[in-house]
Amino acid sequence: ETRIAAHLTCADDPLAGVRSFFTSTFEKRAWPDAGCLVTNTAIEGFGLDPAARDEVRAGLELIERGFEQALGRAKLAGQLPTSTAVTALAARLLTLYQGLLVLVRSGAPKSKLRAITDDAIQSLVPARVKGR
């Protein structure tokens, strides 16, 4: 919750906050990182237990809501088109973020992780908004 607040719900620049949420997983942590407890629990099969599955789901929903809030603020700030489907985009970011965490845990090079992050952020903003 603290990371979500710092990067997604309270950042002055919402899209910069999304970027920093992604990069905080690999730029300022021990390398290689053991990963996110929610992600690790989900991928290692512990999610089969109903209590663990509920906790994983709650953790993922918390992250997704953080993305929704950041994207909603970006939309209001004119960083995203008014037609942006914030809920669908937040789900896409959650998927990308979880994939990135798996790559972080596998020891992927930081250069690759930065490129993935850059691509994810650039894909959020259509060319007509970029050129304002």
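# Exercises on a seven-helix chain

L113 is buried, with a relative accessible area of 0%, and the place of this residue is in helix α6. The model used in these exercises is predicted.

**Exercise 1. Describe the make-up of the protein chain, stating how many helices and strands there are and what percentage of the residues is buried.**

Step 1. Counting the elements gives seven helices and zero strands in the protein chain, and reading from the N terminus on, their order is written α-α-α-α-α-α-α.

Step 2. Turning to accessibility, buried residues make up 40% of the 132 residues in the chain.

Step 3. For the contacts, take those with a separation of 6 or more; residues 24 or more positions apart account for 68% of these. As an example of two positions in sequence and space, L113 and E27 are 86 residues apart in sequence, while their C-alpha atoms are 9.5 Å apart in space.

**Exercise 2. Work out how α1 and α2 pack, and find where H7 and G17 belong in the picture.**

Step 1. Two packed helices are described by the angle between their axes and the distance between the axes. For α1 and α2, the angle is about 140° and the axes are 7 Å apart.

Step 2. This angle makes α1 oblique to α2, because an angle has to be over 145 degrees to count as roughly antiparallel.

Step 3. The residues that make the contact are R3, I4, H7 and L8 on the side of α1, and G17, V18, S20 and F21 on the side of α2. Sorted by class, the contact of α1 with α2 has four nonpolar, three polar and one charged residues.

Step 4. Look now at H7, which lies in helix α1, residues 2–9. H7 counts as buried because its relative accessibility is 18%, and the cut-off for buried is under 20%. Apart from neighbours within four places in sequence, H7 is in contact with G17, V18, S20, F21 and S24.

Step 5. G17 is found in helix α2 and is buried, with a relative accessible area of 2%. When neighbours within four places in sequence are left aside, the contacts of G17 are H7, L8 and A11. The C-alpha atoms of G17 and A5 are separated by 9.6 Å, although these residues are twelve residues apart along the chain.

**Exercise 3. Decide whether α2 and α6 are roughly parallel or roughly antiparallel to each other, and list the residues through which they meet.**

Step 1. The axes of helix α2 (residues 14–23) and helix α6 (residues 110–124) come within 10 Å and cross at roughly 160°.

Step 2. Angles over 145 degrees count as roughly antiparallel, and α2 and α6 are therefore roughly antiparallel to each other. Their crossing is right-handed.

Step 3. From α2, the residues L15, V18, R19, F22 and T23 take part, and they meet T117, D118, I121 and L124 in α6. These contact residues divide into five nonpolar, two polar and two charged.

**Exercise 4. Describe the packing of α4 and α5, and state which class R92 of α5 belongs to: buried, partly exposed or exposed.**

Step 1. α4 and α5 pack at an angle of about 130°, with 8 Å between their axes, and the two helices are therefore oblique to each other. α4 passes α5 in a right-handed crossing.

Step 2. Among the residues of α4 in this contact are L60, I63, F67 and L71, and among those of α5 are V86, L89, L93 and Y97. The full contact divides into eleven nonpolar, three polar and three charged residues.

Step 3. R92 is found in helix α5 and is partly exposed, with a relative accessible area of 37%. R92 and F67 are 25 residues apart in sequence and 9.6 Å apart in space, from C-alpha to C-alpha.

**Exercise 5. Find how many residues the largest nonpolar core has, and which element gives the largest share.**

Step 1. The largest nonpolar core has 27 residues, and those with the most contacts inside it are V18, F67, L71 and L124.

Step 2. The elements giving two or more residues to this core are α1, α2, α4 (50–76), α5 (86–105) and α6. The largest share, nine residues, comes from α5.

Step 3. To follow one of these residues further, note that L124 touches L15, L71, L80, L89 and L93, not counting residues up to four places away in sequence.

Notes: Residues are numbered from 1 along each chain as its sequence is written. This is a predicted model: local features need pLDDT of at least 70, side-chain atom pairs count only at pLDDT 80 or more; totals for chains, interfaces and linings use all residues. Side-chain values use heavy atoms; hydrogens and water are left out. Helices (H or I, at least four residues) and strands (E, at least two) are DSSP runs, numbered from the N terminus. Buried means under 20% relative accessible area, exposed over 50%, partly exposed in between (1.4 Å probe, protein chains only). Contact means heavy atoms within 4.5 Å. Axes are lines fitted to C-alpha atoms, for helices over the stretch in contact, and angles run from 0 to 180 degrees between N-to-C directions. Angles under 35 degrees count as roughly parallel, over 145 as roughly antiparallel, 65 to 115 as roughly perpendicular and the rest as oblique. A crossing is left-handed if the near helix is turned anticlockwise from the far one by less than a right angle, and right-handed if clockwise. Ala, Val, Leu, Ile, Met, Phe, Trp, Tyr, Cys and Pro count as nonpolar, Asp, Glu, Lys and Arg as charged, and the others, Gly among them, as polar. A nonpolar core is a set of buried Ala, Val, Leu, Ile, Met, Phe, Trp, Tyr and Cys residues joined through side-chain atoms within 4.5 Å.
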